Amino acid sequence: MIEKMKFLSITGPKADIDRVVDKYLSKYEIQLENALAELRSVKDLRPFTETNPYKDMCSRAEELARPLKEDGGETGELPDVSLDEALDTVSRISSDLEACDKERDTLVQRVAALEESRARISPFTDLNYNLSAILHFKYIRFRFGRIPKDYFRKFTDYVYDTIDTVYYKCSEDENYVWIVYFVPESISKKIDAIYTSMHFERYLIPDEYEGTPMEAGEALEQQIEGMKKQIEALELKQKSCLERNRTAILAAEARLSRYAKNFDVRKMAACTRNKHSTFYILCGWMTKDQAEAFREEIKNDDDVFLIVEEDHSNILSKPPTKLKNPKLFKPFEMFIQMYGLPAYEELDPTILIGLTYSFLFGFMFGDAGQGLCLLIGGFLLYRAKKLNLAAIISCCGFFSTIFGFLFGSIFGFEDIIEPLWLRPADAMMELPFIGRLNTVFVVAIAIGMGIILLTMVLNIINSVREKDTEKIWFDTNGAAGLVFYGSMVLTIVLFMTGRPVPAAAVLAVMFGLPLILMFFKEPLTAFLEKKAKTAAPGGKAMFFIQGFFELFEVLLSYFSNTLSFVRVGAFAVSHAAMMEVVLMLADAEAGDPNWIVVVLGNLFVCGMEGLIVGIQVLRLEYYELFSRFYRGSGRAFKPYGNARA
């Protein structure tokens, strides 16, 4: 079913729009339309041009609330705070946290500087001498740095004994040797050049250390640890502040979020001005029940004026579609949404697809045991995960179980229970002109004929609602098509059951007249609608040639669409055949089957064939049913507001 929609126009003083949106519209589901586009006949309409004053504070509130929502803590029901209270809460807590952030950032920068200083001195911790004394030598120059290992060996073997310098080896790694060398000030440039030729890389050590490098490193480590503890204390203080104000923050965030969203309603609103005041105008669609509740709620509010438009023909926008189906069929709305929502005036096919999909699936997958597994498994999965597909599987399992008893099959075994109807692989029947044919094939084609006739009736109903003359009377799936195809079905049934067929003259009228109407559908439609006749492209000859081939295509489509339902019977037979193979592999005929093979075989068939059957039934729904009567051109109902009521 499609919910009945009402078009509402809401107006009042411009300054009162926030109150109206927050107090009323946020309670109801209303799809807002652009008032400027809808009310083109109204003079002096202007758009709102104000900027959202709540946007920044709403963003800050969301930042405060994010860690509280992520930790999953309990909040209970949030109090309804005023806008001023929400703004004060966010401003106060943000100020406190920003002060902590600034102090924390300062400490982080100091920790980074100390860690850099510690890293600079760490290679020289083996130097057991006071750094402050070294850094204040007057007549001796010192250099801290490193030399590649290969060059260090060359230096000690060939160079060191020939120059006036002293070095101290501090540490080494896989590639470098870390040293400190000393040289008299008078020859420092010459010695520096020699060290440089040995690829010596100098490290500048600032005058900020006390004691030996090891003592200086330990002192730095203590400072770093102390500052990290201060940082942790600040972070704990921030978390404590947030937790202490959890309810206030979440309530403020909810209020500001609602106001920020409410303010955006102005994008869809329009303004108009009379001699003394400026008014806002909001337009939109609301369900009939909610529109009546909204009208009842505002009847004593003198600042809100409401107009409910009953005639949809006076409205530019088309009514949106909101589906409302029984709980049992609601999961099948998924298939409708995949194809396209029905237009507002169109029939909702949800119940039809729910019944036909489940019925055809059960017919093609008739096994009481496997069907019961699908029924229970799908139901439990739906209860746990709320998956629509799981609910659909459960419904299909119900019909599979029914057909399993009708076919006398339970987990592939056909000797446990007697069939209430027939066994798909064995049941045969004699038909005039055709001969022996599997009964399920005949029944499947009969079901297909019935479904095609039903879809033609639905197409006529939809066409009447759309006031489409051609599709009502002359379309392939209209009245002409229904008479032709219905006559064909009736004739075939009478012939196959051995009953008298109507006289040739009657058959000529039953088959010929609908074909003539379909052939001349365009000029007949123009005549009924009293439109001027338009010349056919290419002249009369082209009209008759095109009409002939279109009519031939129509006859071919009737035949092919009917035969398409043979697959329903084919899958019923193939399911029985596949389970017969499984039992053969399990050596069930010997009376002591291999139960592992039986279980695995059932799982394989249930999974693989269940998937294939599900896809094939969906194909039948889309191509053989929907293509005949369903347009799927509707637009979804997308309401504004929180729908709190």
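Me: Let's start with one residue. Which helix does Glu580 lie in?

Reply: Happy to begin there. Glu580 sits in helix α21, which runs over residues 566-585. Keep in mind as we go that this is a predicted model.

Me: Which residues form a negative surface patch with Glu580?

Reply: A patch of this kind gathers like charges that are joined within 9 Å. Here the partners of Glu580 in the negative patch are Asp426, Asp587, Glu589 and Asp592.

Me: And what does a nonpolar surface patch look like here, and which residues make it?

Reply: For nonpolar side chains the joining distance is within 5 Å. In this model Tyr129, Phe137, Tyr139 and Ile140 make a nonpolar patch of about 420 Å². Take Tyr129 as a sample: its place is the loop between α4 and α5 (131-134), and Tyr129 is partly exposed because its relative accessibility is 42%.

Me: Now the record. Which residues does UniProt list under "transmembrane region"?

Reply: The unreviewed UniProt entry gives residues 359-382, 389-413, 433-460, 472-495, 501-520, 565-583 and 595-618. Annotations like these may be inferred rather than shown by experiment, so let's set two of the spans beside the model.

Me: How much helix is there in residues 389-413?

Reply: That span is 76% helix and 0% strand, and its end C-alpha atoms lie 28 Å apart. Residues 433-460 are 79% helix and 14% strand, with 34 Å between the end C-alpha atoms.

Me: Which residues does the "coiled-coil region" annotation cover?

Reply: In the unreviewed UniProt entry, that label covers residues 217-244. The model has this stretch as 100% helix and 0% strand, and the end C-alpha atoms are 40 Å apart.

Me: Let's turn to backbone angles. Why would a positive phi catch the eye?

Reply: The general idea is that most residues other than glycine have a negative phi, so a positive value deserves a look. One case here is Phe411, which is not a glycine yet has a positive phi of about 55 degrees. Phe411 belongs to the loop between α14 (388-407) and β11 (428-431). With 32% relative accessibility, Phe411 counts as partly exposed.

Me: Where does Lys467 lie, and what is its phi?

Reply: Lys467 has a positive phi as well, near 60 degrees. The loop between α15 (439-466) and α16 (469-473) holds Lys467. Is the residue buried or exposed? Exposed means over 50% relative accessible area, and Lys467 counts as exposed because it reaches 72%.

Me: On to salt bridges. How many does the count come to?

Reply: The rule asks for a side-chain nitrogen of Lys or Arg within 4 Å of a carboxyl oxygen of Asp or Glu. By that rule the count is 26 salt bridges. A good starting example is Glu116 with Arg120, at 3.4 Å from N to O. Both residues lie in helix α4 (residues 83-121), 4 residues apart, which is about one turn of the helix. Arg120 is partly exposed, with a relative accessible area of 21%.

Me: Which parts of the chain does the pair of Glu221 and Arg118 tie together?

Reply: Their side chains meet in a salt bridge with an N to O distance of 2.0 Å. Glu221 is in helix α8 (residues 213-244) and Arg118 in helix α4, so the pair ties together parts that are 103 residues apart in sequence. Glu221 is partly exposed at 29% relative accessibility, and Arg118 is partly exposed at 26%.

Me: How far apart are the closest N and O atoms of Glu414 and Arg423?

Reply: They are 4.0 Å apart in this salt bridge. Glu414 is partly exposed at 27% relative accessible area, whereas Arg423 counts as buried at 16%. Elsewhere, salt bridges with shared partners join Asp16, Arg19 and Asp301 into one network.

Me: Finally, how do sequence separation and distance in space work out for Ile179 and Lys169?

Reply: These two are 10 residues apart along the chain, and 4.5 Å separates their C-alpha atoms. Ile179 lies in strand β6 (residues 176-184) and is buried, with a relative accessible area of 0%. Another pair to try is Ala35 and Ala444, 409 residues apart in sequence and 53 Å apart in space, C-alpha to C-alpha. Ala35 is found in helix α2 (residues 35-38) and is buried at 0% relative accessible area.

How values were computed
Residues numbered from 1 in each chain as written. Predicted model: local features only at pLDDT ≥ 70, side-chain atom pairs only at ≥ 80, totals over all residues. Heavy atoms only, no water. Patch = residues over 30% accessible without salt bridge, like charges linked within 9 Å, V, L, I, M, F, W, Y side chains within 5 Å. Areas by Shrake-Rupley, 256 points an atom, 1.4 Å probe, with all protein chains shown as cover. Lys, Arg positive; Asp, Glu negative; His and termini not counted. Charge placed at Lys NZ, Arg CZ, Asp CG, Glu CD. Helix = DSSP H or I, 4+ residues; strand = E, 2+ residues; numbered from the N terminus. Buried < 20%, exposed > 50% of the residue type's maximum accessible area, 1.4 Å probe, protein only.
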